[in-house]
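Reader: Please show me the structure, and then let me ask how its descriptive terms are justified.

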Amino acid sequence: MPEIGQRLENDDLIPLFGYDLIKHCLKRKDTLIAYPIEICIHLLENSLNEEDQETTLNELNYDPHVSASILKQYLREIPDHLLTTALLPQWNEIISLRLTLFSLFLIQVS
C-alpha cells in the first residue's frame, strides 16, 4: 500500500474526488485552480453563452446540470472544508467589502 500512495503522490494523474485541494492545485503549474473546478465552471459559462457559439452545447447532447452536479460533488468531497471557523472573519470581511462597493455603486448611479 505505501507504494501505491507514493505513486499517486508523484504521478501527474491524481484522483479527482476526495483529494486535498491544496495538493490538487499544486499539481498544476500554470494556475491555482483545481482542474475539476475549472472545467465545470468553463462548461457552465459556455452553457450561459451558448447563443454566441456556432455549435451549441445542446447539439452535443450536453446538460449543464451534470456540470453543476459534478462541481457540487467535488466540493463536498474535499477533505478540508472551504468555509471553516478559522476563516470566518476573512469571509465576513469579504462580504462587508462587497456590500460597501455595492452601496457606493448605488450612490453613483442615483
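Author: The answers below concern a pair of helices and two single residues. This is a predicted model, in which local features need pLDDT of at least 70, side-chain atom pairs count only at pLDDT 80 or more, and totals for chains, interfaces and linings use all residues. Residues are numbered from 1 along each chain as its sequence is written, and side-chain values use heavy atoms, without hydrogens and water.

Reader: What makes α3 roughly antiparallel to α4?

Author: The axes of α3 (residues 35-48) and α4 (residues 64-76) come within 9 Å and cross at roughly 155 degrees. Angles over 145 degrees count as roughly antiparallel, so α3 is described in that way relative to α4. The crossing is also left-handed, a term used if the near helix is turned anticlockwise from the far one by less than a right angle.

Reader: Which residues of α4 make the contact with α3?

Author: Contact means heavy atoms within 4.5 Å. On α4 the residues are Pro64, Ser67, Ala68, Ile70, Leu71, Tyr74 and Leu75.

Reader: Why is Ser67 called buried?

Author: Ser67, in helix α4, has a relative accessible area of 3%. Buried means under 20%, exposed over 50% and partly exposed in between, with a 1.4 Å probe and protein chains only; Ser67 is therefore buried. Beyond its neighbours within four places in sequence, Ser67 is in contact with Cys40, Leu43, Leu44 and Tyr62.

Reader: How do you know whether Leu32 is buried or exposed?

Author: Leu32 lies in the loop between α2 (21-26) and α3. Its relative accessible area is 70%, so Leu32 is exposed.

Terms used:
Axes are lines fitted to C-alpha atoms, for helices over the stretch in contact, and angles run from 0 to 180 degrees between N-to-C directions. Helices (H or I, at least four residues) and strands (E, at least two) are DSSP runs, numbered from the N terminus. Angles under 35 degrees count as roughly parallel, over 145 as roughly antiparallel, 65 to 115 as roughly perpendicular and the rest as oblique.
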